[in-house]
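Hi everyone, thanks for making room for me this week. I'd like to walk you through one protein model, so please bring it up on your screens.

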Amino acid sequence: MADIQTEIEAELLRHIIPFWKGLRDEQNGGYIGRVDFDLARHPEADKGCILNSRILWFFSETYRLLRQEDLLLEARHAYEMLKRMTDEKNGGVYWALHADGTVADGTKHTYNQAFAIYALSAYSRASGDKEALERAKALFQIIETKCRDEGGYLEAFTADWQPESNEKLSENGVMATRTMNTLLHVMEGYTGLYQAWPDDSVKARLYEILDIFETKVYNKEKRRQEVFFDHEYHTLIDLHSFGHDIETSWLAEKTLEALDDPARTARIRPLLLQMADHTYHAAFTDHGFANECEKGVVNQKRIWWVQAEALLGFLNAWEKTGEERYKNAVLTQWAYIRDVLVDKRPGSEWFWYLHEDGAPGSEEPIVEPWKCPYHNGRMCMEFLRRNPAL
């Protein structure tokens, strides 16, 4: 029987990479923006910038890991589309283009800018392309001048940078002025930029983001992050996002590693391990990892990205603590992903979500603006890089 390392490598090489290479759009550029549950492809679908940025990041990072030239060619194809998604007049990247390249949604969202930074930084490291790094630096300046105030990072803006309401990253019946999710991925994008360009201005912002996480976002009494906030960081809803907590529990470690500050690591890491422990007890079972808990009611959907992040969060917790329960959780979580979540139909990838009983959520597509190779591809690559002795 194959070991977990071999199986995860095969999932990346034989399944995830070929699927996304197969969505390359030679006519319009970029990659096809929608594949229905029945695997019908829609080359006419809008192309979301988040999806394209994540594809650019994915192929850049798979090239850095595997050094296969075809992967760098895919990254370059995605890079050309991201340039088309950039507003060269007002700065920043749009939310989405139509398939023909015209603007479908001109919203400038901080979350979107952060993912473009993440992707451009990865592509510059993979290719040596100096223009890509300059574009990442320009977006950093955009976020710092257009998307923040004295309290931290704001959310949504019009194409010409006027504030607008935050429907795109507000859920559960609230409209948030600030979100944990945007802060998390600004941190992620800036960490990627700092790895490509270790400038003190980026370093200072990463420290500030960690301070906001520690003092505003993390709820020490509940051992969780709050999710949606008003301008003053008052939480707007009783919501525990299991997926984001387990994601943050390992992703923030990447920022700590980049900063290489033992004192800050000693202060932040216990909070990250608290979140991993809390979700282990609240969300983890031998048949997947629950989505979230709103006002005491657990949402039992097994969403694709949450399952991938749970595996990495438990892997990180095992490496940091040596606790056997986390090692066992990694093995259990992978078996669930491998056996149930991976769509075995030819020409497919992972299901968007499963019900608690394992039945696929057939109303959700296989590809859409948020369904991408970022979470599951990252899970595979991060696992292979760490090469744990499981």
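I'll go through pockets, then cavities, then two helix pairs, and end on a pair of backbone angles. Please keep in mind that this is a predicted model.

Let's start with the pockets. The largest pocket has a volume of about 700 Å³. Its lining is made of 27 residues, and those closest to the centre of the pocket are Glu-171, His-244, Ile-303, Trp-305 and Trp-352. If you want to find the walls by element, look for α6 (180-196), β12 (239-241), α8 (242-259) and α10, since these are the ones that give two or more residues to the lining.

Which element gives the most to the lining of the largest pocket? That is α6, with three residues. As for chemistry, the lining of this pocket has eleven nonpolar, eight polar and eight charged residues.

Now move to the second largest pocket, with a volume of about 320 Å³. Here 18 residues form the lining, and nearest the centre you will see Trp-57, Glu-61, Tyr-118, Gln-195 and Lys-254. Five helices, α2 (49-66), α4 (110-127), α6, α8 and α12 (374-386), supply at least two residues each. By class, this second lining splits into five nonpolar, five polar and eight charged residues.

Next, the cavities. How many cavities of 30 Å³ or more does a search of the whole structure find? The search finds three.

The largest cavity has a volume of about 80 Å³. Among the residues lining this cavity are Met-180, Leu-183, Leu-184, Met-187, Phe-213 and Ala-252. Helices α6, α7 (200-217) and α8 each bring at least two residues to the lining. Have a look at the classes here: the lining of the largest cavity has nine nonpolar and two polar residues, and no charged ones.

The second largest cavity comes in at about 50 Å³. Its lining includes Tyr-153, Glu-155, Arg-178, Thr-179, Phe-229 and Tyr-233. The elements giving two or more residues to this lining are β8 (178-179), α6 and α7. In this lining you'll count seven nonpolar residues, one polar residue and two charged residues. Met-180, Leu-183 and Val-217 are worth clicking on, as they appear in the lining of the largest cavity and also in that of the second largest cavity.

Let's turn to how helices pack. Helix α10 covers residues 304-321 and helix α11 covers residues 324-341; the two pack at an angle of about 160 degrees, with their axes 8 Å apart. Why is this pair called roughly antiparallel? Angles over 145 degrees count as roughly antiparallel, so the angle between α10 and α11 puts them in that group. Their crossing is left-handed.

On the α10 side, the contact includes Trp-304, Leu-311, Phe-314 and Trp-318, and on the α11 side it includes Tyr-326, Val-330, Trp-334 and Ile-337. The contact as a whole holds 15 nonpolar residues, three polar residues and one charged residue.

For a second pair, take α8 and α12. Their axes come within 14 Å and cross at roughly 55 degrees. These two helices are therefore oblique to each other. Once again the crossing is left-handed, with α8 passing α12.

Which residues of α8 meet α12? They are Glu-247, Trp-250, Leu-251 and Lys-254, and their partners in α12 are Tyr-374, His-375, Arg-378, Glu-382 and Arg-386. This contact has three nonpolar residues, one polar residue and five charged residues. You may remember Lys-254, by the way: it is one of the residues nearest the centre of the second largest pocket.

Last stop, the backbone. Arg-67 has a phi near 60 degrees, which is a positive value in a residue other than glycine. You'll find Arg-67 in the loop between α2 and α3 (69-84). Asn-387 is another such residue, with a positive phi near 45 degrees. Asn-387 sits in the segment after α12.

That's my tour. Thanks for listening, and I'm happy to take questions.

Key
Residues are numbered from 1 along each chain as its sequence is written. This is a predicted model: local features need pLDDT of at least 70, side-chain atom pairs count only at pLDDT 80 or more; totals for chains, interfaces and linings use all residues. Side-chain values use heavy atoms; hydrogens and water are left out. Axes are lines fitted to C-alpha atoms, for helices over the stretch in contact, and angles run from 0 to 180 degrees between N-to-C directions. Helices (H or I, at least four residues) and strands (E, at least two) are DSSP runs, numbered from the N terminus. Angles under 35 degrees count as roughly parallel, over 145 as roughly antiparallel, 65 to 115 as roughly perpendicular and the rest as oblique. A crossing is left-handed if the near helix is turned anticlockwise from the far one by less than a right angle, and right-handed if clockwise. Contact means heavy atoms within 4.5 Å. Ala, Val, Leu, Ile, Met, Phe, Trp, Tyr, Cys and Pro count as nonpolar, Asp, Glu, Lys and Arg as charged, and the others, Gly among them, as polar. On a 1 Å grid over the protein atoms alone, a cavity is a set of points where a 1.4 Å probe fits but cannot get out, and a pocket is an open set with protein on both sides within 12 Å along at least five of seven lines; lining residues have an atom within 4 Å of a point. Grid points are joined across faces, edges and corners, and a volume is the space filled by probe spheres set on the points.
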